[in-house]
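Got a minute to walk through a model together? Have a look below, and then we'll go through a few questions.

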Amino acid sequence: MLIAQKNKFVLDLFKMFDIPFEESDFNTTTVETQCEYWVEEYKHWARPDIQITIKNINVDNIYFIECKVDSDLNQYKKFDQIQLYEKIPNTKPEIRTLTKYDFSTTSSIFKEKHKVFWYQLFELFKQYNFQNDILIRNFLTFLEENNMGEKKLLVMKPGGLDNYYSLYSFLYENISDFAKRCNYSTVKFKDEEDSFGFDIYYKNPIVWIGCYRAQPDYIVVQSYIDSEELRNALPKTIKSEKYIIDPIHNVPIFAKKAIIDFLNVPTVKEQITIFKDWVNNSSINKILDISRDLAKKQIKHKI
């Protein structure tokens, strides 16, 4: 519809997806959904959600966009969904994604810059005047209702964080992104009298990331696995903090991050980058995986 109208919004939209597009391409561009291809190398059907074809004199440039909301990329025995699309015959692999959460892929070709998130699409739509377009208005409402709308910036006021729910949303989105990148699909909110945060599950909760109400200025990481056993299994480069954040629980903190660090930057994107850098630099993925491996042993021992 927007392409047929030659709406200049499309120029910014394609730019977001890193798809080269000029005004002269409006007449030679088609968008199709659920095209089906047989990938002989993997003996499997591939059905990208969106196919964009930009016809040129010598060659057709084809881009596939895979859209996800709460689901992950499909994982097969020897390949994943991105790798499957990269083998679609008679096309040069140009894959883009549109997702709610971050994800990991074993593709060596796919680029991080080709990941687009629904909230970015929402923010782009809001920059244009679509008030008279009921379809787009309903679409934006749908994104907001499904937590895919505008991200809230964490802001500090004299009395503390301006909104508890902005912290809740920030933690949920970023912990979910982190968990999905590490191939853990279940993240659940846990609200207790002295703390609030999110459990990451392997059958049962294995790692908790959240804040203690006694010290709400820090995000901390703890494991449900026996602390001594976990510390003995961790590489020597990862050591739990030597302080206890709450003497009632008497459990070690394996990583912590001051919330003020997120407030020193002016954009949501920069705050998200700080969170990603923290979990990466703190090797929280290793803490998570080793906690899972120890949980497996405990489950097996019980059986």
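Helices and strands here are DSSP runs, with at least four residues for a helix and at least two for a strand, numbered from the N terminus. Keep in mind that this is a predicted model.

Q: How many helices and strands does the secondary structure of the chain come to?
A: The chain has 303 residues, and buried ones make up 45% of them. Counting up its secondary structure gives 9 helices and 14 strands.

Q: What span does H4 reach from its first C-alpha to its last?
A: H4 runs over residues 134–145, so 12 residues in total, and the expected span is 1.5 Å times one less than that number. That expectation is 16 Å, and the helix comes close to it, reaching 16 Å.

Q: Which residues of H4 are buried, and why are they on the same side?
A: Buried means under 20% relative accessible area. Leu135 and Glu145 don't qualify, as they are exposed on the other side of H4. The buried set shares a side because it covers an arc of only 55 degrees around the axis. Its members are Ile136, Leu140 and Leu143.

Q: Which helix is included in what covers the buried residues of H4?
A: The residues needing cover are Ile136, Leu140 and Leu143. Part of that cover comes from the helix at 118–126, namely H3.

Q: Which residue caps the N-terminal end of H4?
A: Look for a side-chain oxygen 3.1 Å from the backbone nitrogen of Leu135. That oxygen belongs to Asp133.

Q: Which residue just after H4 takes a positive phi?
A: Move on past the end of H4, at residue 145. The phi of about 60 degrees just after the helix belongs to Asn147.

Note on methods:
Residues numbered from 1 in each chain as written. Predicted model: local features only at pLDDT ≥ 70, side-chain atom pairs only at ≥ 80, totals over all residues. Heavy atoms only, no water. Buried < 20%, exposed > 50% of the residue type's maximum accessible area, 1.4 Å probe, protein only. Arc of directions from axis to C-beta. Contact = heavy atoms within 4.5 Å. Polar contact = N/O pair within 3.5 Å; in protein donor to acceptor, adjacent residues only side chain to side chain.
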